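I opened my notebook and went through this model step by step. Here is what I looked up, in the order I wrote it down.

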Amino acid sequence: MASRTWQAELEAIRAEIARLREGRHASSEAAAESGGVFSDQFADLNRMVQQLLADAEETVAEHPVATVAGALALGIVIGRLTAR
């Protein structure tokens, strides 16, 4: 049963990443058409974000338990820091 939960969670993450990618593509196309001063910088930022999301997706897929354990540990640390 835990395996199904992980699989469902991974599928949800993949769907969210796909949705974000579609939104980024539309945003980058609109910026390129406007011919603004920042279009080159926006395109570079867009490529960096795409690479970051692809790397994150790959890491989560390769090490799902370690990713969740790390997120849990980080949440505990942040919770203790903010509780003071």
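How exposed is Glu16, in relative accessibility? I looked it up in this predicted model and found 36%, so Glu16 counts as partly exposed.

**Entry 1: confidence**

I checked how far the predictor trusts its own work. The mean pLDDT of the chain is 82, and 79% of the residues reach 70 or more. I then looked at the helices. Confidence is lowest in H1, with a mean of 73, and highest in H3, at 93. I kept the value for H1 in mind while reading on.

**Entry 2: Glu16 and its partner**

I went back to Glu16 to see what its side chain meets. Glu16 and Arg19 form a salt bridge, with 2.5 Å from N to O. The two residues are three apart in helix H1, so about one helical turn separates them. Arg19 is partly exposed as well, at 47% relative accessibility.

**Entry 3: a pair in H2**

Next I searched for salt bridges in the whole structure and got four. One of them joins Asp44 and Arg47, at 2.2 Å from N to O. Which helix holds this pair, and how many residues apart are they? Both sit in helix H2, and they are three residues apart, which means about one helical turn lies between them. I noted 39% relative accessibility for Asp44, which is partly exposed. Arg47 is also partly exposed, with a relative accessible area of 49%. Before moving on, I wrote down that salt bridges with shared partners join Glu11, Arg14 and Glu57 into one network.

**Entry 4: a link between helices**

I followed that network to Glu57 and Arg14. Their closest N and O atoms are 3.9 Å apart, and the pair forms a salt bridge. This one links distant parts of the chain: Glu57 belongs to helix H2 and Arg14 to helix H1 (residues 2-34), with their positions 43 residues apart. Are these two partners buried, exposed or partly exposed? Glu57 has a relative accessible area of 22% and is partly exposed, because the buried class means under 20%. Arg14, at 33%, is partly exposed too.

**Entry 5: helix H2 itself**

I took a closer look at H2. The helix runs over residues 39-62, which makes 24 residues. From first to last C-alpha, H2 reaches 34 Å, close to the 34 Å expected at 1.5 Å a residue. Which residues of H2 are buried? My list reads Ser39, Asn46, Leu53 and Val60.

**Entry 6: a nonpolar patch**

Last, I looked at the surface. Trp6, Val65 and Val68 make a nonpolar patch of about 250 Å². Trp6 is in helix H1, while Val68 lies in helix H3 (residues 64-83). Trp6 has 31% relative accessibility, so Trp6 counts as partly exposed. Val68 is partly exposed at 39%.

How far apart are the C-alpha atoms of Trp6 and Val65? I read off 8.8 Å, although the two are 59 residues apart along the chain. What does Trp6 contact once its neighbours within four places in sequence are left aside? The answer is Pro64 and Val68. I like how this patch brings together residues from helix H1 and helix H3.

Technical notes:
Residues numbered from 1 in each chain as written. Predicted model: local features only at pLDDT ≥ 70, side-chain atom pairs only at ≥ 80, totals over all residues. Heavy atoms only, no water. Helix = DSSP H or I, 4+ residues; strand = E, 2+ residues; numbered from the N terminus. Expected span 1.5 Å × (residues − 1). Buried < 20%, exposed > 50% of the residue type's maximum accessible area, 1.4 Å probe, protein only. Patch = residues over 30% accessible without salt bridge, like charges linked within 9 Å, V, L, I, M, F, W, Y side chains within 5 Å. Areas by Shrake-Rupley, 256 points an atom, 1.4 Å probe, with all protein chains shown as cover. Contact = heavy atoms within 4.5 Å. pLDDT = per-residue confidence, 0-100.
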